[in-house]
Amino acid sequence: MEKNLEFPDLLRLIDERSTAFRTAVAAAPSLDAQVPTCPEWTLFDLVKHLGGGDRFWAAIVGAGPADAPPAEATAARAALEVPREREALLAWLAASTQLLLSALREAGPDAGCWVWWSALQTPRISGGVARHRVQESAVHTYDAQLAAGAPQPLPTEVALDGVEEFLFTCVATPSAWPHKPMAFDFHTAEGRSWRLTVDGDGDGDGDGARSSRIPAPTTATGEDSDTAGASVHGTASELVLYLYDRIPADSLHVGGDAGLLDLLRAWEPEE
């Protein structure tokens, strides 16, 4: 069974993805370039978002256990002003990432802090923040590369952890699934697979959504022995980009009822 990335690896990957992001921004023809995957944003807006997020989460981790993010951090993010000149903007972003990394190092992996997600499968601790910030940085690096005209797949190490991180953090919820119980399988070309099980009776009762690792499809049939309602097959990078709505489902191989994936994407749990 594959192990999750260790805390030092998460910090290394945050730094690496931030560096790759800055490289893409430096190579772009203009900070006013539109970001196709974030239609209302320019590249400048994307830099401000990522750097502001790094600073926001640095403050959250530094504040320790709480029922809400620090008021000062929320106010600072709302009033955020950043340099307009490219070199100064990139220096500001690099400093923002270092603030986050310093806060995470000082806290260590197990320190409690406020987070927005359910604790069902991702603990509300600094290690969970680090794991999610790797994916935030990685997906936005793809956005920046696309805006610069040279998109690259997510690194395999990042993407393999990213599929599980998305399912455990962004999808897991105790809120009941509003349709009949269903399973969705996600298979990577690199050989790892997960099953998302959603449970509900349409009347607000059920166990919600949670995911688990499962064996990869057998090479003999190419399918699972226990067939899911819908399955998605692709590289780990493609799966992460699909889950974050960067590429459409028809960019991957979808088995079963593709319409179920539309239901899943449209679902907005109450919690």
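This report covers one helix, several individual residues, the cysteines, and the pocket and cavity of a predicted model.

**Helix α1**

Helix α1 runs through residues 7–27 and has 21 residues. From first C-alpha to last, α1 reaches 31 Å. That is close to the 30 Å expected at 1.5 Å a residue.

Much can be said about which side chains of α1 are covered. Its buried residues are Phe7, Leu10, Leu11, Leu13, Ile14, Arg17, Ser18, Ala20, Phe21, Arg22, Ala24 and Val25. An α-helix has 3.6 residues a turn, so residues three or four places apart point the same way. What do the buried residues of α1 pack against? Their partners are four helices: α2 (43–63), α4 (86–107), α5 (126–147) and α6 (156–171).

**Three residues of helix α5**

Serine 126 lies in helix α5. It counts as buried because its relative accessibility is 0%, under the 20% limit. A polar atom of the serine 126 side chain lies 2.3 Å from the backbone oxygen of glycine 108. Glycine 108 is also listed among the contacts of serine 126 beyond four places in sequence. The others are Phe7, Val61, Leu104, Ala107, Pro109, Asp110, Ala111 and Cys113. Phe7 is one of the buried residues of α1.

Histidine 132 is also placed in helix α5. Is histidine 132 buried or exposed? It is buried, at 4% relative accessibility. The histidine 132 side chain makes a polar contact of 3.0 Å with the side chain of glutamate 165. Outside its neighbours within four places, histidine 132 is in contact with Trp116, Trp117, Glu165, Thr169, Cys170 and Tyr244.

Glutamate 136 is another residue of helix α5. Away from its sequence neighbours up to four places off, glutamate 136 touches His49 and Leu50. The C-alpha atoms of glutamate 136 and serine 18 are separated by 9.9 Å. Along the chain, these two are 118 residues apart.

**Two loop residues**

Alanine 172 sits in the loop between α6 and β1 (182–188). Alanine 172 counts as buried, at 5% relative accessibility. Its C-alpha is 8.5 Å from that of alanine 119, which is 53 residues away along the chain. Leaving out residues up to four places away, alanine 172 touches Ser118, Leu120, Gln121, Leu167 and Ala209.

Aspartate 245 occupies the loop between α7 (236–243) and β5 (253–256). Aspartate 245 is exposed, because its relative accessibility of 52% is over the 50% limit. Its backbone stands out: aspartate 245 is not a glycine, yet has a positive phi of about 65°. Most residues other than glycine have a negative phi.

**Cysteines**

How many disulfides does a search of the whole structure find? It finds zero. Cysteine 38 is in no disulfide, and the nearest cysteine sulfur, that of cysteine 170, is 15 Å away. Cysteine 113 is likewise in no disulfide, with the sulfur of cysteine 170 nearest, at 15 Å. A disulfide needs sulfur atoms within 2.5 Å, so the 15 Å gap rules one out for cysteine 38. Cysteine 38 is buried, with a relative accessible area of 10%. Cysteine 113 is buried too, with a relative accessible area of 5%.

The table gathers relative accessibility for selected residues.

| Residue | Relative accessibility | State |
|---|---|---|
| Serine 126 | 0% | buried |
| Histidine 132 | 4% | buried |
| Alanine 172 | 5% | buried |
| Cysteine 113 | 5% | buried |
| Cysteine 38 | 10% | buried |
| Aspartate 245 | 52% | exposed |

**Pocket and cavity**

The largest pocket has a volume of about 460 Å³. Its lining counts 21 residues. Which of them lie nearest the pocket centre? They are Phe166, Cys170, Val171, Trp267 and Pro269. Elements giving two or more residues to this lining are α6, α7 and α8 (258–266). The largest share, five residues, comes from α6. Cys170 also appears among the contacts of histidine 132.

There is one cavity of 30 Å³ or more. The largest cavity has a volume of about 40 Å³. Arg17, Ala138, Thr141, Tyr142, Gln145, Gln152, Pro153, Leu154 and Pro155 form its lining. Helix α5 gives the most to this lining, with four residues. Arg17 is one of the buried residues of α1.

Methods:
Residues numbered from 1 in each chain as written. Predicted model: local features only at pLDDT ≥ 70, side-chain atom pairs only at ≥ 80, totals over all residues. Heavy atoms only, no water. Expected span 1.5 Å × (residues − 1). Buried < 20%, exposed > 50% of the residue type's maximum accessible area, 1.4 Å probe, protein only. Contact = heavy atoms within 4.5 Å. Polar contact = N/O pair within 3.5 Å; in protein donor to acceptor, adjacent residues only side chain to side chain. 1 Å grid on protein atoms, 1.4 Å probe; cavity = no way out; pocket = protein on both sides within 12 Å on 5 of 7 lines; lining within 4 Å. Points joined across faces, edges and corners; volume = space filled by probe spheres on them.
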